[in-house]
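Reader: I would like a close look at one part of this model, the nonpolar core and the loops around the strands. Please keep it brisk.

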Amino acid sequence: MTKTKASNAQDAKSVAQPTLNPGDDAPRGTTGTGEDVCPDCNGKGRIDGAPCATCGGSGTVVKAIGGA
Ligand SMILES: [Zn+2]
């Protein structure tokens, strides 16, 4: 009898890796954070025709809320 349930559960846990842009404080959807306009490209997602590296071209970054 071989049971593989335990190892399968561990695999599922490590699969999802959130994508963080340099301007992000936390992965999108994290409690206590919200999207804000990227300060480098002002929400355009591009700087001089090239994708903004800070926000990954999305025009928004994830910032922590409530810290003031
Ligand atoms: Zn940007």
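Which pattern does the protein chain follow, read along the sequence? From there, take me to the largest nonpolar core.

Author: A caution before the details: this is a predicted model. Read along the sequence, the protein chain follows the pattern α-β-β-β-β. That is one helix and four strands. The chain has 68 residues, and 12% of them count as buried.

Now the core. The largest nonpolar core has six residues. Four are cysteines: Cys 38, Cys 41, Cys 52 and Cys 55. Val 61 and Val 62 complete the set. In soluble globular proteins, nonpolar side chains tend to be buried together.

Take Cys 52 as the way in. Set aside its neighbours within four places in sequence. Cys 52 is then in contact with two other core members, Cys 38 and Cys 41. Its contacts also include Asp 40, Gly 45, Arg 46, Ile 47 and Gly 57. Across the protein chain, consider contacts with a separation of 6 or more. Residues 24 or more positions apart account for 46% of these.

Next, the loops. Asn 42 sits between strand E1 (33–37) and strand E2 (46–47). Its phi is near 60 degrees, a positive value in a residue other than glycine. Is Asn 42 buried or exposed? Asn 42 counts as exposed, because it has 11 C-beta neighbours inside 10 Å and the cut-off for exposed is 12 or fewer. Asn 42 also pairs up in space with Gly 59, 17 residues apart along the chain. Their C-alpha atoms are separated by 6.9 Å.

Asp 48 lies in the loop between E2 and strand E3 (50–51). Its phi is positive too, near 50 degrees, and Asp 48 is not a glycine. Asp 48 is exposed, with 6 other C-beta atoms within 10 Å.

One more loop leads back to the core. Gly 29 is found between helix H1 (5–15) and E1. Gly 29 counts as exposed, with 8 C-beta neighbours inside 10 Å. Its partner here is Val 62, 33 residues apart in sequence. C-alpha to C-alpha, Gly 29 and Val 62 are 8.8 Å apart. Val 62 belongs to the largest nonpolar core, whereas Gly 29 is exposed.

How values were computed:
Residues are numbered from 1 along each chain as its sequence is written. This is a predicted model: local features need pLDDT of at least 70, side-chain atom pairs count only at pLDDT 80 or more; totals for chains, interfaces and linings use all residues. A nonpolar core is a set of buried Ala, Val, Leu, Ile, Met, Phe, Trp, Tyr and Cys residues joined through C-beta atoms within 7 Å. A residue is buried if 20 or more other C-beta atoms lie within 10 Å of its own, exposed if 12 or fewer, and partly exposed in between; C-beta atoms are placed from the backbone. Two residues are in contact if their C-beta atoms, placed from the backbone, lie within 7 Å. Helices (H or I, at least four residues) and strands (E, at least two) are DSSP runs, numbered from the N terminus.
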